[in-house]
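Got a fold in front of you and want to know what backs up each label? Let's go through it one claim at a time.

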Amino acid sequence: MKVRRVVANIETADPAAVARFYEEVLGLRLLMDHGWIATYGTDGTMPLQVSFASEGGSGTPVPGLSIEVDDLETVHAAVVKGGYPVEYGPADEPWGVRRFFVRDPAGTLVNILMHTG
């Protein structure tokens, strides 16, 4: 038996409301839309990971999602321009990432990160 995919399911009353954040700010593509559920992603293959945490590191709350990007400053600028609330950072963390936390339109705390070394 092999796990083929892990999908994060985030509850929201209005799945369409998150479209601008995940498509325009993060560049994800709408892969499926049934009205009651909308799935965003890429065609690329990514490592499969599931994390379990008692805190988010540096005394922060545990985020619902962590999204690694290749250009943190560009994403941060798009988040600020879009009026999305940044709740932490950007910060350079001692474990080798630069990151910030933002709330998406569904209220999910999202950790946007880039490895620094």
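**Labels and the values behind them**

This is a predicted model, and along the sequence its protein chain runs α-β-β-β-α-β-β-β.

Q: What makes the protein chain as compact as a globular protein of that length?
A: Its radius of gyration is 14 Å, and the globule rule gives 13 Å for 117 residues; the two are close, so the chain is as compact as a globular protein of that length. The C-alpha atoms fill a box of roughly 40 × 40 × 25 Å along the principal axes.

Q: How many helices and strands are there in the protein chain?
A: Two helices and six strands.

Q: Why does threonine 60 count as buried?
A: Buried means under 20% relative accessible area. Threonine 60 has 8% relative accessibility, so it counts as buried. It's found in the loop between β2 (38–41) and β3. Leaving aside neighbours within four places in sequence, threonine 60 is in contact with Glu55, Tyr88, Arg99 and Phe101.

Q: And why is valine 86 called partly exposed?
A: Partly exposed sits between the 20% and 50% cut-offs. Valine 86 comes in at 30% relative accessibility, so partly exposed is the label. Its place is in strand β4 (residues 86–92).

Q: Which residues is valine 86 in contact with, leaving aside its neighbours within four places in sequence?
A: His76, Val79, Val80, Phe100, Phe101 and Val102. Take histidine 76: it is 10 residues from valine 86 in sequence, and the two C-alpha atoms are 8.6 Å apart in space. A contact needs heavy atoms within 4.5 Å, and valine 86 and His76 do make one.

Q: What makes up the largest nonpolar core?
A: It has 18 residues, and those with the most contacts inside it are Phe21, Tyr22, Leu26, Val75, Val79, Val102 and Ile112. At least two core residues come from each of α1 (19–25), β3 (65–68), α2 (72–82), β5 (97–103) and β6 (109–115). α1 gives the most, with four residues.

Q: What does valine 102 touch, not counting residues up to four places away in sequence?
A: Phe21, Val79, Tyr84, Pro85, Val86, Thr108, Leu109, Val110 and Ile112.

Q: How much of the protein chain is buried?
A: Buried residues make up 31% of the 117 residues. As for the outside, the accessible surface comes to about 7,900 Å², with 52% of it belonging to carbon and sulfur atoms.

Key:
Residues are numbered from 1 along each chain as its sequence is written. This is a predicted model: local features need pLDDT of at least 70, side-chain atom pairs count only at pLDDT 80 or more; totals for chains, interfaces and linings use all residues. Side-chain values use heavy atoms; hydrogens and water are left out. The radius of gyration is taken over C-alpha atoms; the globule rule is 2.2 Å times the number of residues to the power 0.38. Buried means under 20% relative accessible area, exposed over 50%, partly exposed in between (1.4 Å probe, protein chains only). Accessible areas come from the Shrake-Rupley method with a 1.4 Å probe; for residues, only the protein chains shown count as cover. A nonpolar core is a set of buried Ala, Val, Leu, Ile, Met, Phe, Trp, Tyr and Cys residues joined through side-chain atoms within 4.5 Å.
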